[in-house]
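Reader: I'm happy at the bench but less so with structure files. Could you show me how to read one, feature by feature?

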Amino acid sequence: MFSDLISPAILSLIVDSTLETLYMVAIAALIGTLAGLPLGIFLATSARGELFEAVTVNRVLGLIVNATRSTPFIILVVAIIPFTRLVAGTSIGTTAAIVPLSLAATPFIARIVEAAVREVDQGLVEASLAMGATPLQIVRKVLIPEALPGLVLGITLSVVSLLSNSAMVGAVGGGGLGDLGIRYGYQRFMPEVMLMVVVVLIILVQTVQSLGETLAKKVNRRLRRH
Amino acid sequence: MIQNASAPPFPPALFRDLAARLPSGAGRASRAHEPAGPGGRGGAADGAAIVLRDVAKTFPARGSDAAVEALADIALDIPRSEIYGIIGRSGAGKSTLIRTINGLERPTRGEVIVDGVTINRLDEAALRNERRKIGMIFQHFNLLSSRSAFDNVALPLELAGLSRVAIRAKVERLLDLVGLADKRDRYPVELSGGQKQRVGIARALATDPKVLLSDEATSALDPETTRSILALLARVNAELGVTIVLITHEMAVIKEICHRVGVIEAGRIIEEGPVGEVFAHPRTATARSFIGSLPGREIPAALAGHLRADPTGARQSVLRLTLTGAAAGQPVVTRLARQLGIDVVLLGGQIDSIGTLPFALLYVGVPTQAWASGAVGAALEAAGASTEVIGHVL
């Protein structure tokens, strides 16, 4: 029934755009997590009297994270073009778009990780110290496993926000679903394309969200199971 | 008191097995009342497991908060293989005190010596090493919710870098010891408070510590569970020879299992001694009020209103008799009545034991005439009772 409404050419455009979006979001989520996880853990554990006490570094990092998070994503994309060119070799295209996406995802994930780690009962840290654990052992064996349900939900949230950010990288030729929606749906007056784009995005977000929630429940040992 | 019907069975063979793996000084049932000889390494003060010398801790002022002197002039010798109780109200400094013993809190002055090692002079790496020899249990258990009972007990062994095989054998033995072999794969959320504390105790014992610190370990438990956890601690002390230092605000805990007690107030130890002695002859108002908080210790309410300080014209004098040790087993009251040919009225009191020491506190009424003549006092003193006159009734 879609073939009446949408030509095979448009359909193949939608498939390609979906794949581009998935590619950008997946790689940016991976990079954002790899950078955001240690950053978030450090932010949560470097305040006064904590495991890796470094008050000044903590404050400076906090400022940088806030600055990055307060910059609107579309401005960030354009503002860091020289950096993108340095990293990706070009500032245009889907791969290049991964650079600003990762850069925006990192502080977002860091703050979420920080909040999840702070939620871990300080009594557990004290008990581990009393057992003779090193700070790194505490991070690996106590903080991360105990914060895991929160971390999974937080990273899910970041993937959803990456999906929405990825719609803006059309500005630098990043492609993806958002770009398709703007160029065909809006500029070429093809509302059916716009609708398809929105439907695909809704399905993607729903899938990511339920996967994340299922996984978070699975790793949450605080829930009773019978 | 220590034998409790609700306590799970402890296979004696298991205890012997674990005891055999502990260094010398362990595996010997010792009570404070028969002082423990020095065992193991020579401590700083003849066989004391833990010595605190002139320990003080001041938390520096920060922002608008003034500096807080949490501990001052703390001097304690905690004998090896004893259960030492520290009792105090909240904010008295007991938590800070117990945390100096494993270096979670560094004193601003003084020395904390555990098994001959000055804890507060160690660098971080050496301190971590020493902490593995000091177990700790907590009021809120502090178990990892992400780990099963088995994996919680395994944690200190993982941290110490033991092999999977060694960990498995050890953890299973410990879970048996605390009576939780059937709960090994349960997560903390599926365990009751008492079961969680048993996991906590098994975890604290995993590295074969010589010292076990108990930070209000029974304060979050109901009275029956409290008794069964205390029975387990007494057993750990008696059969493994582990020195236990516990802090509490409940005199019942001290009475049930401690050999010695220190009373802490405003950061200072104000009274200290064998539990039987402190119970029989408390020297400070704080100690008296803690003891008075136990049931059966108050002057019977019906009597309290009629007591007068002046014996003139009174018919009956009310005495408080404290009997400890052998005297508590003697027919002190009937003998007094027979010896002096007087009537003795029992008005209230409590017969109990402190650890293994029998203990009785009785309110009795005797004819004021007999009391005034000094005959009652002399007879009671000869019987080994400590006597106080509470008042007189017309």
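**Reading the sheet and its surroundings**

Author: Gladly! Let's begin with a sheet in chain B: six strands make an open sheet with mixed pairing, in the order β6-β7-β8-β3-β9-β10 (chain B). At its edges are β6 (134-138) and β10 (268-274) of chain B, each of which pairs on one side only. From one strand to the next, the twist averages 15°. Please keep in mind that this is a predicted model.

Reader: What does "pairing" refer to, and which way do strands β3 and β8 of chain B run?

Author: The general idea is that strands of a sheet pair through backbone hydrogen bonds, either parallel or antiparallel. Here, strand β3 (residues 83-87) and strand β8 (residues 243-248) of chain B run parallel and are joined by five bridges. To find your place, look for I87(B), which stands opposite T248(B) in β8(B).

Reader: And in what sense do β9(B) and β10(B) pair?

Author: They are antiparallel, with six bridges between them. One position to look at is R260(B), opposite P274(B) in β10(B). These two strands form a hairpin with two residues between the strands, and A266(B) in that hairpin takes a positive phi near 45°.

Reader: Why would a positive phi catch your eye?

Author: Because most residues other than glycine have a negative phi. Another case is D115(B), which is not a glycine yet has a positive phi of about 55°. D115(B) sits in the loop between β4 (109-114) and β5 (117-118) of chain B. N142(B) also has a positive phi, near 55°, and its place is in the loop between β6 and α4 of chain B.

Reader: Are those two loop residues, D115(B) and N142(B), buried or exposed?

Author: The way to tell is to count neighbours: a residue is buried if 20 or more other C-beta atoms lie within 10 Å of its own. D115(B) has 24 C-beta neighbours inside 10 Å, so D115(B) counts as buried. N142(B) has 23 other C-beta atoms within 10 Å, so N142(B) is buried too. Across chain B, 45% of the 394 residues count as buried.

Reader: How should I read a helix, say α6 of chain B?

Author: Start with its span. Helix α6 (residues 193-205) of chain B has 13 residues and reaches 18 Å from its first C-alpha to its last, close to the 18 Å expected at 1.5 Å a residue. Then ask about its surroundings: twelve of the 13 residues of α6(B) are buried, so this helix is largely enclosed by the rest of the structure. Among the buried ones are G194(B), Q197(B), R198(B) and L205(B). The cover includes β6, α4 (149-159), α5 (164-177), β7 (211-215) and α7 (223-240) of chain B.

Reader: Which strands does helix α10 of chain B lie across?

Author: Helix α10 (residues 285-292) of chain B lies across β3, β9 (260-265) and β10 of chain B, and runs at about 115° to β9(B).

Reader: What does UniProt list for residues 50-291 of chain B?

Author: An unreviewed UniProt entry lists them as "domain: ABC transporter". That span is 38% helix and 26% strand. For residues 18-212 of chain A, an unreviewed entry gives "domain: ABC transmembrane type-1"; there the chain is 81% helix and 0% strand.

Reader: How many residues does each chain bring to the contact?

Author: Chain A brings 19 residues and chain B brings 20 residues. On the side of chain A that touches chain B, α7 (122-130) and α8 (135-166) of chain A are the elements giving two or more residues. The residues of that side divide into nine nonpolar, four polar and six charged.

Key. Residues numbered from 1 in each chain as written. Chains lettered and ligands numbered in written order. Predicted model: local features only at pLDDT ≥ 70, side-chain atom pairs only at ≥ 80, totals over all residues. Contact = placed C-beta atoms within 7 Å. Helix = DSSP H or I, 4+ residues; strand = E, 2+ residues; numbered from the N terminus. Nonpolar A, V, L, I, M, F, W, Y, C, P; charged D, E, K, R; others polar. UniProt positions renumbered as here; feature names shortened; annotations may be inferred. Pairing = 2+ DSSP bridges. Axes fitted to C-alpha atoms, helices over the stretch in contact; angles between N-to-C directions. Expected span 1.5 Å × (residues − 1).
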